[in-house]
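I opened the model today and kept notes as I went. My entries follow the order in which I looked things up.

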Amino acid sequence: MSLMSVLTRDEAQARARLLDVHRYEIALDLTRGDETFDSRTVIHFTVRGKKKAADTFVELKPAELRSVTLDGEPLDPGTLDGNRLTLKGLAPGTHELRVDTAMRYSRTGEGMHRFTDPTDGETYVYTQLFMDDVQRVFAAFDQPDLKAVFDLTVTAPEGWTVLANGITGRQDDGTWRAATTPPISTYLVAVAAGPWHSVRTEHRGLPFGIHCRRSLAPHLDTDADEILDITRALYDRYHAKFEEPYPFDSYDQAFVPEFNAGAMENPGLVTFRDEFVYRSAVTDTERQTRAMVIAHEMAHMWFGDLVTLKWWDDIWLNESFAEYMGYQTLTEASRFTDTWVDFGVARKAWGYDADQRPSTHPVAPENVDDTAAALLNFDGISYAKGASALRQLVAWLGEKDFLAGINAHFTRHRFGNATLADFIDNLAGATERDVHAWADAWLRTTGVDTLTPKVTRAADGTHTLTVDRTGSRPHHIAVGVYDRDPGDDHGHLTLRDRVELDLPQTIEQPIGKRPALLLLNDGDLTYAKIRFDPESAAAVTTHLSGLPDPLPRAVVWNALRDAVRDAELPATAYLDAARTHLPHESDLAIVQGVLTFATTQVADRYLTPEQRPAGLATLGSLCRDLIRRTEDGDNPGLRLTAVRHFIDVAAHPETIAAWLADGTVPGGPELDPELRWRVLGRLAVLGALDTATIDGELERDPSASGREGAARCRAALPEPEAKQAAWEAMFTTDDLSNYLFTATAQGFWQPEQADLLTEYVERYWADAVSLAARRGPAIAEAAGRWAFPVYAVAPETLELGERCLQDGEPIPALRRKLVDQLDDLARAQRVRDA
């Protein structure tokens, strides 16, 4: 059998001109054992035209192709070439294709993923069919613009419940049947089967359900009211925004194990990673993140599911829209009213980083030639930069015209497919502004603009602001004009004025007397790097925590982060700012974001080995201050965040080992499973842990998360035998599931163990290339993201990486990750050199 073929845009367009696909009848049998399941597919389709016969192909990736018939005539299964079965000489008119296969279960989160819960031995399966993985489950004309209706039946073991895109019911013969779907794309078909624990309700006559594996039932029940209340509030708010009603017959949300993404927007059956069913303590910001993901996926029911892209070059239309709508609608519909702060600190930084790498691409790229290239665009640009662009568009256009445009879009393309041109035309029809020019400037360009203020003093003592712009995009921004509070000794700043500017149209802006701080992009409405004039930079150093609102503080922290990454601000200065201002910070998203960057980037990568101990000491001292600040119990989220990061930066084992022995941090919190494994992981890095202790903790917590914690700890042990065993598990045996691979990789590379790991830096490249070729894109992405030697900041590592890119022939998913990681490595080297 030849290699699997990726679908090209030209092939998809040719097939779309030839075919109308009407209906799929899919029968799955999940009772055939642990390795494979049976899949029988009937496809009803029409060949367009009147006279000429034509050839096309259907895609499938079977373990065994048993039989194929076309219009009742058998075809030779041996003609399957890779993942394509050619259909020759199709006359114009209607046809019926029947395909009978055995399909292989996945352990990598692709296709039909199978998972056995180590807690109770129960097994669950679910589909993730995104891009081109539907072919792992049933035969299909697999492209987004060949929508069809789907009839699904599933034979499942006794005691299982089957969930799907439509309402399901168990038939008299023991099979499960799902209601016929409206027209949807192949990649959106979904099945989740197993002995689910379910909480069901109705809202506005529509069945709602939330589902998880049985071992997580108590934790889901604890949060069920919160999850369902958020779901109902978002549903109602979207109906206030959108004229098209919710287009499917039910709304189920299944929290599934070992899920690669945050969630997937399958119509009527959204799947989430089941870490969102919290079994340990979490912060309110983490609850907000879960709520935002719920909001994001629900927005997809309209944008992505009701109206779907024609080809993968417009994936940003799905993701950027859902990202923007998720944050904005959650802000309007729930108690989480500061969601844009978290977006600014966490998500937006993801976009800025991606947009400055060699792999950057426009929000709306024009060169997505095939599905392999498309898969690489699910990044910070398609999500965070695209959402930022839409937020800027709404600020410039006005929400009324924006909603009018997207409602016209839904109406014109419901249950169909649309392009960027369609979307822009519909927006343009709702406004007098030149949306097409805006789209060219924002969606067809790459990189991050930089905005820098310049203050000029006039003879009369007044001042004028001009803004230097590096880049080409127009920006509608607010400028915060802040003064020191003369009666305040604590460094508070007061907002004198907030001025709205359009760049580059605004040449000069009078600002009166010289302010203490001029903050460009106050309110974070645009996507750009922000710099400070000298006086404002001095004010930031001493008064950052004195800014009255969290969103401007987030803008400042992002500016400092950018300056460190651009080697314009010493990494140690960022730590000093954190040490000075975080003890006074009230917004948890900012605390979490700053501590995460300070730990994982500044301390672990940007500081030299000689600087790192002092950096960890600074962070440890900061976390101790935050722990002391929260002794009264008023801010458990801040305390939990401080405890987590204190564990992560501990340079000596004594304190955290005592916490573990006592089962609690003095004054709380008690060490729940997440904190216990976190302590054990750090003790392993520090060489203060043995395998017997890891084994004992795994007996105490035999859950899936416990297995991951144990794998992480074993890989982190500073012993040659432990490193060799972890390496073989990752790169040789191919037995690890996607999650266990990631956990092992997370434990393996540690800055404290550089000497022990030297040989593996050289081994990584060939082993990663070979692994990715064997196990496919999901493991390739994990190998490039988690198993990469991120702490080996040295010219020699860059040379090895460049040689791999030149001679190693990594598959596209791994190549993209290596390009990004090497660029980050070179950036870290520049920061160190500076």
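These entries cover cores, rings, one strand residue, a pocket and some backbone angles.

**Entry 1: the model**
I am working from a predicted model.

**Entry 2: nonpolar cores**
I asked which residues touch the most other members of the largest nonpolar core. They are Phe45, Phe402 and Leu443, in a core of 256 residues. Helix 14, residues 588-606, gives this core its largest share, eleven residues. I then listed the contacts of Leu443, leaving out neighbours within four places in sequence. Leu443 is in contact with Trp316 and Trp438, with Pro362, Val363 and Ala364, and with Ala389, Leu420 and Ile424. I also found a second, separate core of 27 residues. Among its members are Phe57, Tyr126, Val256 and Val368.

**Entry 3: aromatic pairs**
How many aromatic pairs does the structure hold? The count is 52. I picked out Phe37 and Tyr105. Their ring centres are 5.0 Å apart and their planes stand at 45°, so I log the pair as tilted. Tilted is the class for planes neither under 30 degrees apart nor over 60. The pair links distant parts of the chain, with the two positions 68 residues apart. Phe37 is in strand 2 (residues 36-47). Tyr105 is in the loop between strand 7 (93-104) and strand 8 (111-116). I checked accessibility too: Phe37 and Tyr105 are buried.

**Entry 4: arginines over rings**
I looked for charges over ring faces and noted two cases. Arg84 lies over the face of Phe57, 4.2 Å from the ring centre. That ring belongs to a residue I had already logged in the second core. Arg391 lies over the face of Trp340, and here the distance to the ring centre is 4.1 Å.

**Entry 5: Ile210**
Is Ile210 buried or exposed? Its relative accessible area is 0%, and buried means under 20%, so I log Ile210 as buried. Ile210 sits in strand 16, residues 206-212. I then looked at what surrounds Ile210, not counting residues up to four places away in sequence. Ile210 touches His197, Ser198 and Val199. The list also includes Leu220, Ala224, Ile227 and Leu228. Gln253 and Phe255 complete the contacts of Ile210. I checked Ala254 as well: its C-alpha atom is 5.7 Å from that of Ile210, with the two residues 44 apart along the chain.

**Entry 6: the second largest pocket**
I put the volume of the second largest pocket at about 590 Å³. Its lining has 30 residues. Pro609, Pro751, Ala754, Asp755 and Tyr791 are the closest to the pocket centre. Which helices each supply at least two lining residues? I get helix 15 (612-629), helix 23 (754-775) and helix 25 (795-807). Helix 23 gives the largest share, six residues.

**Entry 7: cis peptide bonds**
I noted two. The bond from Leu503 to Pro504 is cis, with omega near 10°. Pro504 lies in the loop between strand 25 (493-503) and strand 26 (509-512). Gly668 and Pro669 are also joined by a cis bond, with omega about 5°. Pro669 falls in the loop between helix 17 (654-662) and helix 18 (673-685).

**Entry 8: positive phi**
I looked for positive phi in residues other than glycine. Asp71 has phi near 55°. Asp71 is in the loop between strand 4 (64-70) and strand 5 (73-75). Its relative accessibility is 40%, so I count Asp71 as partly exposed. Phe415 has a phi of about 60°. I place Phe415 in the loop between helix 8 (399-413) and strand 21 (416-418).

Notes:
Residues numbered from 1 in each chain as written. Predicted model: local features only at pLDDT ≥ 70, side-chain atom pairs only at ≥ 80, totals over all residues. Heavy atoms only, no water. Core = buried A, V, L, I, M, F, W, Y, C linked by side-chain atoms within 4.5 Å. Buried < 20%, exposed > 50% of the residue type's maximum accessible area, 1.4 Å probe, protein only. Helix = DSSP H or I, 4+ residues; strand = E, 2+ residues; numbered from the N terminus. Contact = heavy atoms within 4.5 Å. Phe/Tyr/Trp six-rings, centres within 6.5 Å; stacked < 30°, edge-to-face > 60°. Lys NZ or Arg CZ within 6 Å of the ring centre and 35° of its normal. 1 Å grid on protein atoms, 1.4 Å probe; cavity = no way out; pocket = protein on both sides within 12 Å on 5 of 7 lines; lining within 4 Å. Points joined across faces, edges and corners; volume = space filled by probe spheres on them.
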